[in-house]
Each structure stands twice: as structure tokens, then as C-alpha cells.
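Opening the notebook on this one. I want to go through the sheets, the helices on them and the contact between chains.

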Amino acid sequence: MHEVLRAEIGKGLRVQLAHPVGHVITLLISTMMYLGLQFVLGQGELRQDLLPQTLVAIGGYWFLQYAGLVMVADLIEEKRAGTFAQSQMSPAPPWLPMLGRLLTASIFGLAVAAVAALVPMLVAQIAIPLRWAALLPAVLLGVNALAFTFLLASLALVSPMIGALQSLFTSLVLLLNGSFLPLELYPDWLATAARVLPTTLGIEALTQTLFEGRTLTQLWTGGVLPWLLAHTLALTAVAGLLFARNHRRALESS
Amino acid sequence: MIEIDALTKVYGAAQVRAVDEVSLHVGTGTVFGFLGPNGAGKTTTIKMLAGLLTPTSGQVRLGGFDVARQRSAAMAQFGAVLEGSRNVYWSLSAWQNLMYFGRLKGLRKARVAERAQDLLTDLGLWERRHDKVGGFSRGMQQKVAIAAALIADPPIVLLDEPTLGLDVEATRTVKNWIAEQARELGTTILLTTHQLDVAQELCDRVAVMRQGRLVADLPTRELLARFRERDRYEIRLEGAAPPGFDAVTREGVTTINVRVSDPREVYDVVERLRAQGAVLESLTQVQPDLEDVFLALVSEPSHA
């Protein structure tokens, strides 16, 4: 099983790195977009009081956006080329190559998110305190984003409209997850709606530990952590059901 | 060994029976030709065999393992090159492709490397093992796809149109290789092709599908023998056609096709030709090839 997973990740990395131009362009865009956005929102200046929280959110956005893009593009190409069907004619369970693809996508998502956060930190002197308590929310944020990526991938197996759906959802995430303004500045109804989207609850949990010094216990009693877990589990369950349903249909049409 | 029992696939509300109660048993080390016109149900059958499509009823066993109930064990017995798809990653090298597909089949890295070296050397690709497959010719790409299907040394291999679009030399290499796999290594090969000369040359046994049903399943020689036309002879003469015969003359050789009710009547025909001064070059009973048999089978109701 480990051999299959390692093979899948290795193959995924090689296939992606065979065409590096797209990744380089994304890295450039990701570094420039955030500062440009904040400069416009700050009406010609970078507002230091808003930068740290929004920077964490844009990192979450880029992880979700790019992992999803890599995953969906990879699946569509593999279906078209017939390598998806080949990968399913193996003794490995069907979900295992999918997990490998998801982990590969997460590597690229993480790389873009890291660069998208680090460059503005250096350029605009944004200080983000590092706390151990933030580790779990950070991991859960990643898992939450990957659960959504899994859902998109499960839809991509059969839906020709996946590109449009993906654009719609990632745009909503960019607009509402706190990348423009911290969530507490939104009206209550909009903040509640934003929490339904992937990454928002994870970013909320992460910023509360990083900037407000909250402990994990406080996050739990405050409700953010249970909601984040429930949200992630719900996304994973829906994605798993869709995968079970669409995987067979994808093979039949391959 | 491949065992297919009463395999049926019904599609949609219209209840279209794409495959209808097909049963086949293919023995170890056999090159089995699975033929049929477009829309006969071959692809559907192949997909069910490969575990890509769930049968409506019936069973497929590969090496004794049920594809539906023992999928993992069944897939370990099996390698495939599917028609109409690349089968391998064009952005990876031949070596990287084989390493990936071998490990996907559950083999350890060292074992895959050993096997990949053998396969690439056999197929004449060793020198270009680190080149991207996308830059290869069609024949070389097909060789990589075949090597990927065989990387785990599966006892059963499905080759769907393996020589389609290949040049003469590449076709020859692939054909020799298929024959060698079956005869020397005992691999069971299920071959589908529209190139009936390839099927006739390679296959020990041939099945023909038509409208979802098998209309023939016989050893190739037996199938050809059944369609041998005992009443047709071809007479070839040197020079121009003698009068009174329906003949075709091309490049100084005249060919006359005669149909007789009794083989002894051929002597009479030859005597008449001799009387007219014709010089006999050859006299042969017309032997059908697989194309003749195939066309006869798919245009008529079941023959075997």
C-alpha cells in the first residue's frame, strides 16, 4: 500500500514538474495579488492592523485554490489520456491512487500558499507570531481544504462543468474567507454564510490562536473547533459518497 | 486462464443488450483473437473483463479470481493496453512509466527496475529509456504501453488493437513479441483487432462477436477449415486467357476461378485448357482467410 502511495505521489510530482511554467506563473501571481489587493483596499496604503489576519486567510485561499486546480486538471487529463483507467486496473483499492493524487496536489497547494504568504511578510514587514497551539488549527485548515478538493475531484470524474463550478467556489472563498477583510468586520449574516465555505472556519481558528492567544480548549468551548471538525467531516463524507458514485461512472465512460 | 460465464450487459431504460450471455474459456498460454465489427459488444466485454464495467449478470474470472468479488487478486493477474487511449504518461520517460505502473501493481522498486530493464532491452528502447514518451514515434509509444501492461509479468494480458497505426517494422516487432510471450512464457493473451491478417497469424483460437452474441469460438485452423470451399479452384496459366473462360490476366499471368460440383470435374477443365494450348502454372483449392470467414460470420446468423 505504501509502495502504491509513494509511486502515485512520485508520478504526480514528475508529471506536474514536467510543465513548470504554469506553476511559476501562479507563484508570481500569488505573491503580487495579495499586496495589490490590500493596497487598493487601504486606499493607497497597506494597513498594518489588517495585514496579519488577511495574510493568513490568503494563504488558506491559495492552498485551496491551487491544490484544487492541480487535482482537477490532473484528473481531467488522466481521464482523457486513458491513464486513469490504467491506474484503476491495479490490485490497489480505487481510493488509494486518489489519495496519492490528493497528497500531490496538497504539496503544490502548500508551496504556493507558503510563497504567497512569505513574500508579503518580507516585503511589507508583516509579523506573524508562531504558537504551538496554532499547529492543530493549521493542520485542520489544510485537511478542510483537502476535503473540499476531494469533493471537487469526485465531481470532476463525471461533470464537464467542473471548471465553472471550481471557479465559482474558489472566487467565493477568496471573497469571503477573510482574505480581503478579517471576518469580524463582516456583518453577522455574511460572517455566518462565509463559515459554510471551506477554509473560513480553519482560518478563524488559526487567527484566534495566533493573534488572540487562545488555547485549544478555548477554541473548543468557543465553538470554532467543533464546527471546523464537523464541517471537515461533512465535506469528507459528501466527497466520499460522490467518489463512490462517480468513480464507477467515470470508468464506464473511459 | 480467462473464464467468462453467461456475461450480460444491459444498458439503460431501452434495455439494450450490448453483451448477451457470452461464455468463453481461454486456456493458459493461448493467443486468443476476440473479433467483431464495430458495435458488436467487444469493447463492453473487454471493459467488464478489465473490471471497468459492472456486468448486469454473469461472471468473469481471471486466473481463477472473480473480477467482481476478488477484484484485487484478479487485477494482479492482469495487464492491459486499451485502444483509443495513450495508456501511459507522455510527459514521463519510458523508464518512469514502467517504474510507476510496476509499483502500482504492488511490486517492489528493485524488482520493477530489473523487469523494466529486460522489457526495454527486448523492445529496443533501452537507449532511449530516459526520453519522454511524448517525443516517441507511435510505434515506440505503443511498445512502452505494452511494456507497462507486462511490467508485473501478469499471466493474462489484454491487447486491444496493439498494432493499429504502426508501421511494418513496429508491427512485426509487436507480433513477434506477442507470439514469444505466449509460447515461451505461457502468457494468456486476449487480442482484439480489426487487422484480420494479424489475428490469423497470431491467434491459436478465435471468437467472433456479432450483435452482443458469440457467433464463433473455435481454434483458428478449425474455423478456417469449416469455411473451406471444397468446390472452388483457382487455376493459373502462363500467358493470355484462352477463349471460353471467365479469366483475369495480369502481368502475363491468367487466373481462372472455377466452381465444380464434383472435384473430378477439375480434370475436365484442365483437359479443355490443355486442348487450347494453355500452359498450366498452378492449380489450387481456394482456401478462405480469416477475413473471408469473418465477413461470412458477421453477415449471417450463427455458424459455430
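Which strands of chain B does helix α6 lie across? I looked it up: α6 (residues 168-185) lies across β3, β7 and β8 of chain B. Its direction is at about 150° to β8(B). Note to self: this is a predicted model.

**Entry: the six-stranded sheet**

I traced the sheet under that helix next. It is an open one in chain B, and I read the strand order as β6-β7-β8-β3-β9-β10, with mixed pairing. Its edges are β6 (78-81) and β10 (213-219) of chain B; each has a single partner strand, so one side of each is left without a neighbour in the sheet. Between neighbouring strands I get a turn of 15° on average, direction ignored.

I then picked out one pair inside this sheet. Strand β3 (residues 31-35) and strand β8 (residues 188-192) of chain B run parallel and are joined by three bridges. For one residue pair, I noted that B:V31 has B:I189 in β8(B) as its bridge partner.

A second helix belongs in this entry. Helix α5 (residues 138-150) of chain B lies across β6 and β7 (156-160) of chain B, and I have it running at about 165° to β6(B).

**Entry: domains**

I checked how chain B is divided. Domain 1 covers 2-225 and domain 2 covers 229-286. How many Å separate the centres of domain 1 and domain 2 of chain B? I find 44 Å, taken over C-alpha atoms.

**Entry: the four-stranded sheet**

On to another open sheet in chain B, this one with four strands. I wrote down the order β12-β13-β11-β14, with antiparallel pairing. Here β12 (247-250) and β14 (279-285) of chain B are the edge strands, and since each has a single partner strand, one side of each is left without a neighbour in the sheet. The twist from one strand to the next averages 20°.

I followed one of the pairings: β12(B) and strand β13 (residues 253-259) of chain B are antiparallel over four bridges. In that stretch I see B:A247 opposite B:I256 in β13(B). Helix α9 (residues 265-275) of chain B packs on this sheet, where I find it touching β11 (232-238), β13 and β14 of chain B. The α9 direction makes about 20° with that of β11(B).

**Entry: chain B against chain A**

Last, the interface. I count 32 residues of chain B in contact with 32 residues of chain A. The area buried between the two chains is about 2700 Å², and carbon and sulfur atoms give 54% of that. Which three residues supply more of the area that chain B buries against chain A than any other three? They are B:L52, B:R103 and B:L104, with 24%.

For the polar side, I have 13 residue pairs in polar contact between chain B and chain A, both residues at pLDDT 80 or more. The salt bridge count between these chains is two. I looked at one of them, in which the side chains of B:R108 and A:E3 meet at 3.8 Å, N to O. The elements giving two or more residues to the side of chain B that touches chain A are α2 (71-75), β6 and α3 (94-104) of chain B. The largest share is five residues, and I put that down to α3(B).

Notes:
Residues numbered from 1 in each chain as written. Chains lettered and ligands numbered in written order. Predicted model: local features only at pLDDT ≥ 70, side-chain atom pairs only at ≥ 80, totals over all residues. Heavy atoms only, no water. Pairing = 2+ DSSP bridges. Axes fitted to C-alpha atoms, helices over the stretch in contact; angles between N-to-C directions. Contact = heavy atoms within 4.5 Å. Domains from an automatic or database assignment. Buried area = accessible area lost by both parts, 1.4 Å probe. Salt bridge = Lys/Arg side-chain N within 4 Å of Asp/Glu carboxyl O. Polar contact = N/O pair within 3.5 Å; in protein donor to acceptor, adjacent residues only side chain to side chain.
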